[in-house]
Amino acid sequence: MRAAVLHETGQDKLEVLDDIEAVGFGPGKVRLRLRATGLCHSDLSAMAGVLPQPAPFVPGHEGAGEILDVGDGVTGLSAGDRVLVCWLPACGGCPACQRGQTELCLTGFMNAGTPNFRRPGGSPEDVFGMSGTGTFAEEIVLAAPCAVPIPDDVPYDIAALIGCGVTTGLGAVFNTARVEAGSSVAVIGCGGVGISVIQGARASGAAQIVAVDPVESRREAALRFGATEAVAPDGLDSAKNSVTAGEGFDYVFEVVGRSATARRAYEITRRGGTLCVVGAGALDDFLQFNMFELFFDEKRILPSLYGGGDVLRSYRRTIDLWRAGRIDLEGLITHRVRLGEINDAIGQMRTGEALRTCIEM
């Protein structure tokens, strides 16, 4: 089958190969035929080595398709079922799951260390999948909890977005920050996840939503999706003064994953306000505060991993909001490509041209 492979961490292009095999099928597993997958900025971060990921590997973790076969012991799933890929499944039994913090379950991360593809005759033969998945492939073998059934009225491309970017952005608003109606919000970074944060803030009733991004097309998109104002980074101080009379925003979302933007986000958060860190950053990128400002300003700093809550509940809520017309998911997909054009899509994301690209299988 065909799959897009990164041979070495740090390479900037993928090679589309037609001799990759999905491996590991057996008890507790499902074999899935991918129909659509989204390109997420985390894929680029893993390729660059910002996010830890063994290589060679097949990127992609935001996908949807249909089940081809189920292994022994799998219940609730059958061949032909339409599913989305959950890259961070909950085991249900670890301390984090027992506390209700299923997004902190490490089961999914453990899957990342086991190859789920192979290239016969290759050197090496074993090929990993990003975060234990690897959706830039025509077929994939997953642990059964990674395959979440979707209703028939949800298209595969929409389901793929729900599998990561949309859930991450909406969940940061609903689960982690819990934005209140009438509040002021700033969103730094307006790619697919940032736009989802904006949509969540609008759905929560925020009165002012300021979008911040250096790319003009993304600022324009932010306004279409619910931002009340959109500025380049150098216009942020002016926006803070005009919207909040200089006090700072009630909620600020950092959706870039860099210490410099997180520090900036902290500075424009009002005293007693909330900074929500959504962007996935590097292990060696350190964020500094002094102890006096942490104590005196009483700003809440809340990281949000995968939307900070029960992802299955978040999926259902997202579908309900989409059906009701409260959020726009179709509009997030600005580009569509086939698997053989994946490097074009990567280039579009790097320049900021694309919000979300759907790779159609």
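**Entry 1: α1 and its end**

I started just after α1, where Gly49 takes a positive phi of about 90 degrees. A note to self before going on: this is a predicted model. Next I looked back into α1 itself and found Asp43, Leu44, Ser45, Ala46 and Met47 buried. I then asked what the buried residues of α1 pack against. They pack against β4, β5 and α12, the last of these spanning 342–351.

Following the chain out of α1 (41–48), I reached the loop that leads to β5 (57–58), and Pro56 lies in that loop. I checked the peptide bond from Ala55 to Pro56, and it is cis, with omega near -5 degrees. I jotted down the background: most peptide bonds are trans.

**Entry 2: Arg33 in β4**

Since β4 had come up as a packing partner of α1, I picked a residue from it. Arg33 lies in this strand, which covers residues 29–39. Is Arg33 buried or exposed? I have it as buried, because its relative accessible area is 19% and the cut-off for buried is under 20%.

I listed what Arg33 contacts, leaving aside neighbours within four places in sequence: Gly65, Glu66, Leu68, Glu138, Glu139 and Met361. I also took the C-alpha separation between Arg33 and Arg82, and got 9.7 Å for two residues 49 apart along the chain.

**Entry 3: Cys358 in β19**

I moved on to strand β19 (residues 356–360), where Cys358 is found. Cys358 counts as buried, at 3% relative accessibility. Not counting residues up to four places away in sequence, I found Cys358 touching Ala36, Thr37, Asp157, Ile333, His335, Arg336 and Val337. The C-alpha atoms of Cys358 and Pro151 are separated by 20 Å, with their places 207 residues apart along the chain.

**Entry 4: two positive phi values**

I went looking at residues that have a positive phi without being glycine. The background I had in mind is that most residues other than glycine have a negative phi.

Glu298 is one of them, with a phi of about 50 degrees. I located Glu298 in the loop between α10 (291–297) and β17 (300–303). At 59% relative accessibility, Glu298 is exposed.

Tyr306 is another, with a positive phi of about 55 degrees. Tyr306 sits in the loop between β17 and α11. How accessible is Tyr306? Its relative accessible area is 3%, so I put Tyr306 down as buried.

**Entry 5: Thr167, and on to α5**

Tyr306 turned up again when I looked at Thr167. Thr167 belongs to helix α5 and is buried, with a relative accessible area of 1%. Apart from neighbours within four places in sequence, Thr167 is in contact with Leu161, Ile162, Tyr306, Gly307, Ser314 and Tyr315.

**Entry 6: α5 against α11**

I checked how α5 meets α11. The two axes come within 10 Å and cross at roughly 95 degrees. That makes α5 roughly perpendicular to α11. On the α5 side I noted Val166, Thr167, Leu170, Gly171, Phe174 and Asn175, and they meet Arg313, Ser314, Tyr315, Arg317, Thr318 and Leu321 of α11. I sorted the residues of this contact into five nonpolar, five polar and two charged.

**Entry 7: α5 against α6**

Then the other partner. The axes of α5 (residues 165–177) and α6 (residues 192–203) come within 7 Å and cross at roughly 40 degrees. The two helices are therefore oblique to each other, and their crossing is right-handed.

From α5, the contact takes Gly165, Val166, Thr168, Gly169, Leu170, Val173 and Phe174. From α6, I wrote down Val193, Ser196, Val197, Gln199, Gly200, Ala201 and Ala203. By class, I get eight nonpolar and six polar residues in the contact of α5 with α6, and no charged ones.

**Entry 8: the largest nonpolar core**

Last lookup. Which residues touch the most other members of the largest nonpolar core? Ile195, Ile198 and Phe253 do, out of 55 residues. I listed the elements that each supply at least two residues of this core: α4 (156–162), α5, β12 (184–188), α6, β13 (208–212), α7 (216–224), β15 (249–254) and α11 (311–323). Helix α5 gives the most to this core, with six residues. I added one background remark: in soluble globular proteins, nonpolar side chains tend to be buried together.

How values were computed. Residues numbered from 1 in each chain as written. Predicted model: local features only at pLDDT ≥ 70, side-chain atom pairs only at ≥ 80, totals over all residues. Heavy atoms only, no water. Axes fitted to C-alpha atoms, helices over the stretch in contact; angles between N-to-C directions. Helix = DSSP H or I, 4+ residues; strand = E, 2+ residues; numbered from the N terminus. Parallel < 35°, antiparallel > 145°, perpendicular 65-115°, else oblique. Left-handed = near helix turned anticlockwise from the far one by under 90°. Contact = heavy atoms within 4.5 Å. Nonpolar A, V, L, I, M, F, W, Y, C, P; charged D, E, K, R; others polar. Core = buried A, V, L, I, M, F, W, Y, C linked by side-chain atoms within 4.5 Å. Buried < 20%, exposed > 50% of the residue type's maximum accessible area, 1.4 Å probe, protein only.
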